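Good morning, everyone, and thank you for letting me take this slot. Please look at the chains on the screen while I talk.

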Amino acid sequence: MKWALIILNCCSLYSFGGVLKVGKKEAYKSITAAVAAAKNGDTVWVSGGHYFEKNLVISKSIVLKGIDHPVLDGENKYENISIKTNDVVVDGFLLQHTGVSSLVDFAAIKIYNSRNVTVINNIIRDAFFGIYSQYGTHCLIKNNLLTAFSKEEQRSGNGIHCWKSDSMQIIANTVSGHRDGIYFEFVTNSVIWRNNSFKNLRYGLHFMFSNDDAYITNIFENNGAGVAVMFSKGVKMFNNYFKENWGDASYGILLKEINDSYIGSNHFEKNTSAIFAEGANRIVLKKNVFKNNGWAFKIQASCSDITLEQNNFLGNTFDVGTNGSLVLNFFNNNYWDKYEGYDLNRDHIGDIPYRPVSMYSIIIEKNPPAMVLFHSLIVSLMDKSEKVIPSLTPENLKDEHPLMKPLPL
Amino acid sequence: MKKILKYVIIDILRNRIVLAYTVFLLALSLSIFNLEDSSAKGILSLLNIVLIIVPMVSILFAAIYVYNSAEFLELLVSQPLKRKTIWLSMFAGLSFSLVLSFLIGIGIPVLLYEFSATGITLIVSGLLLTVIFVALAMLAAVRIRDKARGIGAVILLWLYFSILFDGIVLFILFQFADYPMEKAMVGITALNPIGLSRILVLLKMDVSAMMGYTGAVFKDFFGTATGIITSLLVLSLWILLPAWLSVRKFNNKDL
């Protein structure tokens, strides 16, 4: 009776599927052979070791489980794992040396036209593309560590690349050294949560034509050009950290042709430009913290109906920069540390409006080398006189109700 | 030389202006650090003081002191002393006492409240500016005999370095806006010690904004070890050149 129970227990663990073991001392010596012998619903256990499987194609709904991170080597020629059917799990592998090609997008793990694929706990090193989903639906990519060592954009691929996919979950991955950390093109209804993307050559996160996605609690640090969100609508961004994206064309977030989106509770620190908005419409920016940036918010005159409220602006060199005098956006109830007004009725709201565009930021927009005179006496004098009689700065760009104290964010 | 130096320093400390200057700087920097919500903002306010008030006090005080000790100088010259020694002792005494009051007035508060790369850069540039403007005052005082004209010249010099020069640079920048001026700007900054010190502090303080394209040009130059050493050398040249010229003039001067 006791034995029967134990056997029953073991069976229930691997839910109705058989187990095929791969390893030096096991029944199967190569993963390809085990996969060929497996049926839908089986589990392939791979023990630790070094495997050269060329291109491992999985066209059965199986669980591929690595014990002690077995190494799958692409020998700089092949795609490590190609997933071509639904309900596949790839768990706990170390994938390395993926082939590099300018014609084919080789990836360490590539998902082709599949549903419910799970890629978890893998280490991917020196890959061309890391994890690539093409027409993937409802896939989970979680807890993977991707590291690449490329020096130039042309010879490197993206860390997590999703193309024409839907309902993807990208959770808790760490990506560095790739071209773009996470790349979305034509991806809808997906979530990017708790990822860490740093030191990538181009963007930490790159969005194109991807509607109704959310990215929450990610860290984007020290990427070549920060984060770009372009030609999309209905994007929600919460609680992300954008740090130390330095350079003339580098932005915390680049918002280009973005509509109907919400940016809330994010932290922007030490970026050359924390947010650069161009052709963006109907966006709400609320409860964000802008700290020690060169420009906290660069807004081109092509933007309209952007609402900026209840944000903290602390220690930025310039709070807001713009290129024209047309203003179709709303600034309200923000805290600006450069505000010099007063609050006579003690309602914690300043009695005179704050104009976040300083005259000198406009001069620098027109003549960048003038940055060399910043903080000199003559520049301070010019800024002061401009505050009294605005002539160069846009008249309507102002916060009518600036807060006297920073918000607790 | 030691003895003259001692007399000069004792004399300066006795006339109380330097003491008042020290207390003024100390009160100012302590109140700035206590009033501003962040010490980084305090550094920005202090930067303006270091760039405007410190050079002004240094150049004015040094010039007036040299004019007032004309008789003392005449007395010393009649002694068996080298003129070079007399003049350099005077220079060293003035620099030493002003540097001391700067260190007490601004150096100590900065070290207490904002002990960072920005703070250290601020202190070093303030020290150099003090000595530079003492040297300039000595040069002006030895070249112009009349006290009123001398002090006027000194005020003009200060005005030129702190405002007019930047105005001219801004004018040039806009006149040549179509040309790549970034590299040329690096050279032009060497012509103004106040501007040079300001950029050194700026590169530490507003590093994010300075990483824009133009800023990157400056960062590539001033941010590197070579750039910092070069700028410090240029600032030392601003001390040595006026000091050397004034010594040469004083050696042949008919007192």
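I will go through chain A, its core, one helix of chain B, and the contact between the two chains.

What we have here is a predicted model, in which local features need pLDDT of at least 70 and side-chain atom pairs count only at pLDDT 80 or more, whereas totals for chains, interfaces and linings use all residues. Residues are numbered from 1 along each chain as its sequence is written, while chains are lettered from A and ligands numbered from 1 in the order in which they are written.

Chain A has four helices and 38 strands, where helices (H or I, at least four residues) and strands (E, at least two) are DSSP runs numbered from the N terminus. Of its 409 residues, 45% are buried, meaning that 20 or more other C-beta atoms, placed from the backbone, lie within 10 Å of the residue's own.

Now to the largest nonpolar core, a set of buried Ala, Val, Leu, Ile, Met, Phe, Trp, Tyr and Cys residues joined through C-beta atoms within 7 Å. This core has 94 residues, and Val44(A) and Leu255(A) touch the most other members; its largest share, six residues, comes from strand E28 (residues 251-264) of chain A.

In chain B, helix H3 (residues 39-68) reaches 40 Å from its first C-alpha to its last, close to the 44 Å expected, which is 1.5 Å times one less than its number of residues.

Finally, 25 residues of chain A are in contact with 32 residues of chain B, contact being C-beta atoms, placed from the backbone, within 7 Å.

Terms used. Buried ≥ 20, exposed ≤ 12 C-beta atoms within 10 Å, placed from the backbone. Contact = placed C-beta atoms within 7 Å.
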